[in-house]
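Please examine the structure shown here, with attention to the ligand and its surroundings. The paragraphs that follow describe how the protein surrounds that ligand.

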Amino acid sequence: MVMKKRLRIGIVGCGAIGSRLAKTLPKDLKNDYMLSGLFDILPQKAFALSKYFSNKKIIKSSLKDLIQSCDIVVEAINTNHAREIVQESLKAKKHVLTVSVGQLLNAQNLFKLAKKQGCKILIPSGAIAGIDAIKAGQLVPFQKITQITRKPITGFKNDPYLAKKGINLSKIKKETVIFQGSVDQAVKAFPRNINVSATLSLACQHKNKVLVKIITSPKYKENSHEIEMIGAFGRINTKTVNVICPDNPKTSYLAVLSVIQTLKQFSSGVFVGT
Ligand SMILES: NC(=O)c1ccc[n+]([C@@H]2O[C@H](COP(=O)([O-])OP(=O)(O)OC[C@H]3O[C@@H](n4cnc5c(N)ncnc54)[C@H](O)[C@@H]3O)[C@@H](O)[C@H]2O)c1
């Protein structure tokens, strides 16, 4: 019997998403993938995660070493180096899954590079539903996509945009709209908190038709995203109400699951709804 070759995964960023994925690999993804590398800008994070694995050689001391160790790079960082990680991975002819979607807006050069190198850039649907239908709907004329995101106050703790705007979270006692605007403005204001807007933009290919509204309240316990798209095909309405990832209140558990599911689809070669 010919054994199927498992793809080697290297994870950049050992936080909530990176850690959950790493721990899932030896269980749910073990037939198709193996963990070959962990890299974090804070070495102690990679070290702490490596305690779950017997092979300590998976800890890598540089992005370059990480990329060399694997077939697919998973970018799960919380700083603005995602473009660099995607670019270096593609240059080394590695596929790359990226969660920092906000940083892939206006990144045509990276999409061209992926094609040239024969590599895939995988973008999980994240914390929202309906990306499949939006991709189909945008093939005909449509008016707009509206995204209404609701997040608990803890999801905006120490947020620089709110500080700049003089919005004091402790003074918010009821449902309050803290942002309304375009995708570019949303991604600039909340770079690590609003990747879904960027995912919607890439899916519909008309960034300027996406309107974003962000609401918070002391009563909210979950992250939710309502999406509406109206066009020649009819109307799409979706809503996800997401459990917060225990390791990071800014991240929805569904986003972690969508990373795992994207990898499952990639290895199976069967793309349902994409
Ligand atoms: N696509 C989506 O729908 C979606 C949903 C949720 C979160 N996200 C994105 O995923 C990112 C990761 O989420 P998380 O909850 O795992 O974050 P996290 O804060 O728990 O972990 C991020 C990790 O990345 C590390 N890191 C930062 N810069 C690095 C670099 N240059 N190289 C290597 N490591 C680096 C940090 O030290 C940290 O350990 C978020 O910042 C957010 O942008 C996307």
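A residue counts as near a molecule if one of its heavy atoms lies within 4 Å of that molecule. In this predicted model, there are 25 residues around the ligand, and those that come nearest are Ile17, Asp40, Thr79, Asn248 and Thr251. By character, the residues of this shell divide into 13 nonpolar, 9 polar and 3 charged.

Where does the ligand lie with respect to domain 1 and domain 2? Domain 1 spans residues 7-123 and domain 2 spans residues 131-249; both give residues to the shell, so the ligand lies between them. The space that the ligand takes is the second largest pocket. Two elements each give two or more residues to the shell, namely helix 1 (16-24) and strand 12 (248-252).

Several polar atoms of the protein can be located beside the ligand. Asn248, already named among the nearest residues, places a polar side-chain atom 2.8 Å from an oxygen atom of the ligand. The backbone takes part as well: a polar backbone atom of Ile77 is 3.2 Å from an oxygen atom of the ligand, and a polar backbone atom of Val99 is 3.2 Å from a nitrogen atom of the ligand. Taken alone, the ligand would expose 860 Å², of which the protein buries 92%.

Definitions and conventions:
Residues numbered from 1 in each chain as written. Predicted model: local features only at pLDDT ≥ 70, side-chain atom pairs only at ≥ 80, totals over all residues. Heavy atoms only, no water. Polar contact = N/O pair within 3.5 Å; in protein donor to acceptor, adjacent residues only side chain to side chain. Areas by Shrake-Rupley, 256 points an atom, 1.4 Å probe, with all protein chains shown as cover. 1 Å grid on protein atoms, 1.4 Å probe; cavity = no way out; pocket = protein on both sides within 12 Å on 5 of 7 lines; lining within 4 Å. Sits in = over half its atoms within 2 Å of the grid points. Helix = DSSP H or I, 4+ residues; strand = E, 2+ residues; numbered from the N terminus. Nonpolar A, V, L, I, M, F, W, Y, C, P; charged D, E, K, R; others polar. Domains from an automatic or database assignment.
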